[in-house]
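Biologist: I am new to this structure. Please show it to me, and then let us talk it through.

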Amino acid sequence: MASGGMQSLGIILGILGLIGCIVCCIVPKWKYDSHIGSSIVTAVTTEEGIWMNCVIQSTGQQQCKVYDSLMSLSSDLQAARALTVITIIVSILGLLAGLMGANFTTCLGDEDVKGKVATVAGVLLVLAGFMLLVPVSWSAHTTIQNFHNPLVTRKQEIGISVWVGWAAAALLLLGGGLLCCSWPRGSSGGSNYTAKYINNPSAPSRTHV
């Protein structure tokens, strides 16, 4: 069935989006120091994540340290820490619901209930996509704004984790949209309809010669 293919594709995209969200949450590459326009050759580069920051030497040696306090983070990274964790939880719930409501599983027997569960799963994945889109876009906006601010001496650029977060949010939105559209809502109502014919005794009878 076409709906089964849409559900399969939606779940696959949701799984890829969940993996991207986990990578975005764990990898400490949300921001990194920019040395554009610097006349001094800098041997140290600092990369910031939502859980730790890393110092990379010119020799390739890397040292990472977990933040001592949440207050040491900027407001965009504080929000990113909370929203990415919530996004992972909501994505997992959405994928579990999607597997329960998929046509290729036998967790639920009633087709109408399976369709509703699949739609709820799609809504959860779409919600997770928007929740992930907020922190990565906020962090990117803050980084770009500070980069062009002449009063800010420390220039930073967008890290790879933000790009991964944008891609993961897009996958979650697409997967959730496919799950929401996979339920043929009009089929259940039309299948229960039974035509009834009533014999009208007052109608004139016809004789055939």
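The questions and answers below turn to cysteines, strands and helices.

Modeller: One caution before you ask. This is a predicted model.

Biologist: How many disulfides does the count come to?

Modeller: A disulfide needs two cysteine sulfur atoms within 2.5 Å. C54 and C64 form one, with their sulfur atoms 2.0 Å apart. The pair links distant parts of the chain, 10 residues apart. The count comes to one disulfide.

Biologist: Which hand does the disulfide of C54 and C64 have?

Modeller: Look at the torsion about the S-S bond. For C54 and C64 it is about 105 degrees, so the disulfide is right-handed.
The answer is right-handed.

Biologist: Is C64 buried, partly exposed or exposed?

Modeller: Take its partner as a start: C54 has a relative accessible area of 0% and is buried. Buried means under 20%, and exposed means over 50%. C64 has 40% relative accessibility, so C64 counts as partly exposed.

Biologist: Why does C25 have no bond to the closest cysteine sulfur?

Modeller: C25 is buried, at 6% relative accessibility. C21 is buried too, with a relative accessible area of 0%. The closest cysteine sulfur to that of C25 is in C21, and it is too far for a bond, at 6.6 Å.

Biologist: And which cysteine holds the sulfur closest to that of C21?

Modeller: The distance is 6.3 Å, too far for a bond. The cysteine in question is C24.

Biologist: Which strands stand at the edges of the sheet?

Modeller: Five strands form an open sheet, in the order 4-3-2-1-5, with antiparallel pairing. An edge strand here has a single partner strand, so one side is left without a neighbour in the sheet. The twist averages 20 degrees from one strand to the next. The edges are strand 4 and strand 5 (156-158).

Biologist: What is the bridge partner of I56 in strand 4?

Modeller: Strand 3 (residues 52-57) holds C54, and strand 4 (residues 62-66) holds C64. These two strands run antiparallel and are joined by five bridges. In strand 4, the partner of I56 is Q62.

Biologist: Is helix 3 roughly parallel or roughly antiparallel to helix 4?

Modeller: Helix 3 (residues 111-147) and helix 4 (residues 160-181) pack with their axes 7 Å apart, at an angle of about 160 degrees. Angles over 145 degrees count as roughly antiparallel. Helix 3 is therefore roughly antiparallel to helix 4.

Biologist: How many nonpolar residues are in the contact of helix 3 with helix 4?

Modeller: The crossing of the two helices is left-handed. Their contact has no charged residues and nine polar ones. The nonpolar residues number 19.

Key:
Residues numbered from 1 in each chain as written. Predicted model: local features only at pLDDT ≥ 70, side-chain atom pairs only at ≥ 80, totals over all residues. Heavy atoms only, no water. Helix = DSSP H or I, 4+ residues; strand = E, 2+ residues; numbered from the N terminus. Buried < 20%, exposed > 50% of the residue type's maximum accessible area, 1.4 Å probe, protein only. Axes fitted to C-alpha atoms, helices over the stretch in contact; angles between N-to-C directions. Parallel < 35°, antiparallel > 145°, perpendicular 65-115°, else oblique. Left-handed = near helix turned anticlockwise from the far one by under 90°. Nonpolar A, V, L, I, M, F, W, Y, C, P; charged D, E, K, R; others polar. Pairing = 2+ DSSP bridges.
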